[in-house]
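Work through the exercises below with the sequence and the coordinates open. Each task is followed by a solution in steps.

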Amino acid sequence: MARALVGGLLRRGWAAGRIRVADPSADARDHLRDSFHGIHVLDDNLAAATGAETWVLAVKPQQMKAVATSLAPLAQEAGPLVISIAAGIRSGDLHAWLGSAASVIRCMPNRPAVIGAGITAIHGGPGLGAGLRRRAADVLSAAGECVWVEDESLLDAVTAVSGSGPAYVARKLAIETVFGAARLARESGERPEVLRDQVTSPGGTTAAALGVLEGAGIRDTFARAVHAATLRSRQLAGGTGK
Ligand SMILES: NC(=O)c1ccc[n+]([C@@H]2O[C@H](COP(=O)([O-])OP(=O)(O)OC[C@H]3O[C@@H](n4cnc5c(N)ncnc54)[C@H](OP(=O)(O)O)[C@@H]3O)[C@@H](O)[C@H]2O)c1
C-alpha cells in the first residue's frame with residue numbers, strides 16, 4: 001500500500017526527492033529504488049521521519065504499536081502530521097503511542113490505489129485544522145478519491161466494504177462488469193435499485209439470476225461477510241489480532 005501511495009504521488013508530479021521511505025527488508029528497499037528513481041530509501045524509520053512534517057505509517061496493524069512508540073520521542077519534538085493507513089488501529093491508540101504533540105489522521109485506502117483508482121475514507125479528530133486536513137488529503141489523493149468520515153467507528157464498516165471488497169472479484173469479466181457498473185452508479189447518480197430494475201425485464205435472464213441469488217440468501221450472506229470483516233477490524237484494534 002505504501003508503494004501505491006509513492007507511485008501515486010510521483011504520478012501526480014511530486015518531486016521524488018521530497019519522498020523518504022523506510023523498510024527493514026533489504027529486498028524491499030532494492031525493489032523501491034528500482035521502481036521509483038530519486039526517492040530516498042532508508043532502513044531506519046527515525047532517519048526517514050527526521051525533518052519530515054508529514055509521516056505516513058503503512059505497516060501491518062500488528063506492527064503499529066512498536067513502530068509508533070519508537071517514533072514517539074521525535075514526534076514529541078517535531079509535532080508532525082501522522083497519517084495511519086492501518087486497518088482497525090484507533091486514533092486514540094495512535095495518540096497514546098505517539099504522544100500529544102503529533103496530529104493524527106486515520107484513513108482506510110483500498111487496493112485499487114495501486115492504479116490511482118482507490119477510494120480512501122479519512123478521519124481526523126475535531127481539533128484538526130483545515131491546513132492539516134488539506135495536507136492529508138493532498139497526500140492521500142495519490143491513491144484516488146478521498147472522503148472524510150467524521151465518526152471514527154464508521155471506518156470499520158469502510159474497511160469491510162471498500163478495503164476487503166476487491167478480494168471478492170477477480171477475473172476480467174467480473175472486473176469489467178463491476179467497474180462499468182460502479183462508473184454507471186457514480187456517473188448516473190441513480191439509486192442502485194433503479195439501475196438494477198433497468199436491466200431486469202420481467203421473466204428475463206436477469207430476473208432468473210436474481211431469483212437464484214435471493215433464494216440463496218445473498219443479502220444475508222453479504223451482510224454477514226461485511227459484519228465478519230467489521231468484527232475482525234475491531235479485534236485488531238483491541239490488540240487481540242494475530
Ligand atoms: N493491502 C490493502 O489493500 C490495504 C488496504 C487498506 C489499508 N491497508 C493497511 O495498510 C497497511 C499495510 O498493508 P500492506 O498490505 O501494504 O502490507 P505489507 O505489504 O506487508 O506492507 C507493510 C510494509 O511494512 C514493512 N515493515 C514491517 N515492519 C516495519 C517496521 N518496523 N518499520 C518500517 N516498515 C516495516 C514491511 O516489510 P517486511 O515485508 O520486510 O515485513 C512491508 O514492506 C496495513 O496496516 C493495512 O491494514 C492495506
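A residue is called buried when its relative accessible area is under 20%, exposed when it is over 50%, and partly exposed in between. The model used here is a predicted one.

**Exercise 1. Classifying the partners of a salt bridge**

Task: Is Asp197 buried, partly exposed or exposed? Do the same for Arg196, its salt-bridge partner.

Solution.
1. Asp197 has a relative accessible area of 47%. Partly exposed lies between under 20% and over 50%, so Asp197 is partly exposed.
2. Arg196 has 35% relative accessibility and therefore counts as partly exposed.
3. In the salt bridge between Arg196 and Asp197, the closest N and O atoms are 3.7 Å apart.

**Exercise 2. Further salt bridges**

Task: How many salt bridges does the structure hold? Describe the pairs Arg219 with Glu214 and Asp220 with Arg224, and state which residues join into one network.

Solution.
1. The structure holds 10 salt bridges. Side chains of opposite charge can pair when their charged atoms come close.
2. Arg219 and Glu214 pair through their side chains, with an N to O distance of 2.8 Å. Arg219, at 55% relative accessibility, is exposed, while Glu214, at 40%, is partly exposed.
3. For Asp220 and Arg224 the N to O distance is 3.2 Å. The two residues are 4 apart in helix 11 (residues 218-237), so about one helical turn separates them. Asp220 is partly exposed, with a relative accessible area of 45%.
4. Arg90, Asp156 and Arg234 belong to one network, joined by salt bridges that share partners.

**Exercise 3. The surroundings of the ligand**

Task: How many residues surround the ligand, and which are the closest? List the polar contacts with Asp23, Asn45 and Ala87, then give the composition of the shell.

Solution.
1. The ligand is surrounded by 18 residues, of which Met1, Asp23, Asn45, Val59 and Ala87 are the closest.
2. The side chain of Asp23 has an N or O atom 2.6 Å from an oxygen atom of the ligand. In the side chain of Asn45, an N or O atom lies 2.9 Å from a ligand nitrogen. Ala87 takes part through its backbone: a polar atom there is 2.9 Å from a ligand oxygen.
3. The ligand taken alone exposes 880 Å², and the protein buries 68% of that area.
4. The shell comprises 12 nonpolar, 3 polar and 3 charged residues. Helix 4 (residues 61-78) gives the most to this shell, with 3 residues.

**Exercise 4. The setting of a histidine**

Task: Where in the secondary structure is His123, and is His123 buried or exposed? Identify the backbone oxygen that its side chain reaches.

Solution.
1. His123 is placed in strand 6 (residues 118-124).
2. With a relative accessible area of 7%, His123 is buried.
3. The His123 side chain reaches the backbone oxygen of Glu150 at 3.3 Å.
4. Leaving aside residues up to four places away in sequence, the residues that His123 touches include Ser91, Ile105, Trp148 and Leu155.

**Exercise 5. The whole chain**

Task: Summarise the secondary structure, the extent and the burial of the protein.

Solution.
1. The protein has 11 helices and 7 strands.
2. Its C-alpha trace spans about 65 × 35 × 35 Å along the principal axes.
3. Of the 242 residues, 34% are buried. The protein exposes about 13600 Å², of which carbon and sulfur atoms supply 58%.
4. Among contacts between residues at least 6 apart in sequence, 59% join residues at least 24 apart.

Terms used
Residues numbered from 1 in each chain as written. Predicted model: local features only at pLDDT ≥ 70, side-chain atom pairs only at ≥ 80, totals over all residues. Heavy atoms only, no water. Near = heavy atom within 4 Å. Polar contact = N/O pair within 3.5 Å; in protein donor to acceptor, adjacent residues only side chain to side chain. Areas by Shrake-Rupley, 256 points an atom, 1.4 Å probe, with all protein chains shown as cover. Nonpolar A, V, L, I, M, F, W, Y, C, P; charged D, E, K, R; others polar. Buried < 20%, exposed > 50% of the residue type's maximum accessible area, 1.4 Å probe, protein only. Contact = heavy atoms within 4.5 Å. Salt bridge = Lys/Arg side-chain N within 4 Å of Asp/Glu carboxyl O.
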